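Student: I would like a close look at a single part of this protein chain, taken in its setting. Could you walk me through one element, from its geometry to its packing?

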Amino acid sequence: MRFMMMTTGGADAPLTPVQEREMGAFIEEMSRAGVLLATGGLDPRGKHIKSEGGKITVTDGPFSEAKEVVVGFALIEARSEEEAIELSKRFWRIVGDGEGVVQRVFGPEDAPGA
């Protein structure tokens, strides 16, 4: 099962050298195990795309309160939601204070009859 672990507001303090080493080791461990599929930071300014009544509008961001904006992500392959949550807990033990979301990612293989 794939999960998206997203970091939202509150985790914007730079990592200490110790945290950087711990995070590097954590990322390397997940990469070697084939758990980490992609990771990165996101520009909070983004673009908002809206389609309504055949009209498409594009608006420059940011849009949400700073604490709600997704600023980073990791796409992982886990055996269960519980495993994804444990990996997220490990991330937060390294980073410290902040907030995030873990959501299952559905793909074509999850379609009925697949």
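Tutor: What follows is an account of helix H1 and its surroundings. The model is a predicted one, and the protein chain in it has two helices and six strands, which follow one another along the sequence in the pattern β-α-β-β-β-β-α-β. The C-alpha atoms of this chain fill a box of roughly 50 × 45 × 20 Å along the principal axes, and 24% of its 114 residues count as buried. Among contacts with a separation of 6 or more, 77% join residues that are 24 or more positions apart.

Helix H1 takes in residues 17–32, and its end C-alpha atoms are 22 Å apart, which agrees with the 22 Å that its 16 residues should span at 1.5 Å a residue. The buried residues in H1 are Gln-19, Met-23, Phe-26 and Met-30; seen down the axis of H1, these buried residues fall within an arc of 60 degrees, so they line one face of the helix. Such an arrangement can be read against the geometry of the α-helix in general: with 3.6 residues a turn, residues three or four places apart point the same way. On the other side of H1, Pro-17, Arg-21 and Arg-32 are exposed, and just after the helix Gly-34 takes a positive phi of about 80 degrees.

As for what the buried face meets, the buried residues of H1 pack against strand S2 (36–41) and against helix H2 (81–95). The two helices, H1 and H2, pack at an angle of about 160 degrees with their axes 9 Å apart, and because this angle is over 145 degrees, H1 counts as roughly antiparallel to H2. The crossing of H1 and H2 is left-handed, and the contact is made by Gln-19, Glu-22, Met-23, Phe-26, Glu-29 and Met-30 on the side of H1, with Leu-87, Arg-90, Phe-91, Ile-94 and Val-95 on the side of H2.

Phe-26 allows this packing to be followed at one residue. Phe-26 lies in helix H1 and has a relative accessible area of 3%, so it counts as buried, the cut-off being under 20%. Leaving aside neighbours within four places in sequence, Phe-26 is in contact with Leu-87, Arg-90, Phe-91 and Ile-94, each of which is also listed among the H2 residues that make the helix contact. By contrast with these partners, Gly-107, 81 residues from Phe-26 in sequence, is 26 Å from it in space, C-alpha to C-alpha.

Definitions and conventions. Residues are numbered from 1 along each chain as its sequence is written. This is a predicted model: local features need pLDDT of at least 70, side-chain atom pairs count only at pLDDT 80 or more; totals for chains, interfaces and linings use all residues. Side-chain values use heavy atoms; hydrogens and water are left out. Helices (H or I, at least four residues) and strands (E, at least two) are DSSP runs, numbered from the N terminus. The expected span of a helix is 1.5 Å times one less than its number of residues. Buried means under 20% relative accessible area, exposed over 50%, partly exposed in between (1.4 Å probe, protein chains only). The arc is that of the directions from the helix axis to the C-beta atoms. Contact means heavy atoms within 4.5 Å. Axes are lines fitted to C-alpha atoms, for helices over the stretch in contact, and angles run from 0 to 180 degrees between N-to-C directions. Angles under 35 degrees count as roughly parallel, over 145 as roughly antiparallel, 65 to 115 as roughly perpendicular and the rest as oblique. A crossing is left-handed if the near helix is turned anticlockwise from the far one by less than a right angle, and right-handed if clockwise.
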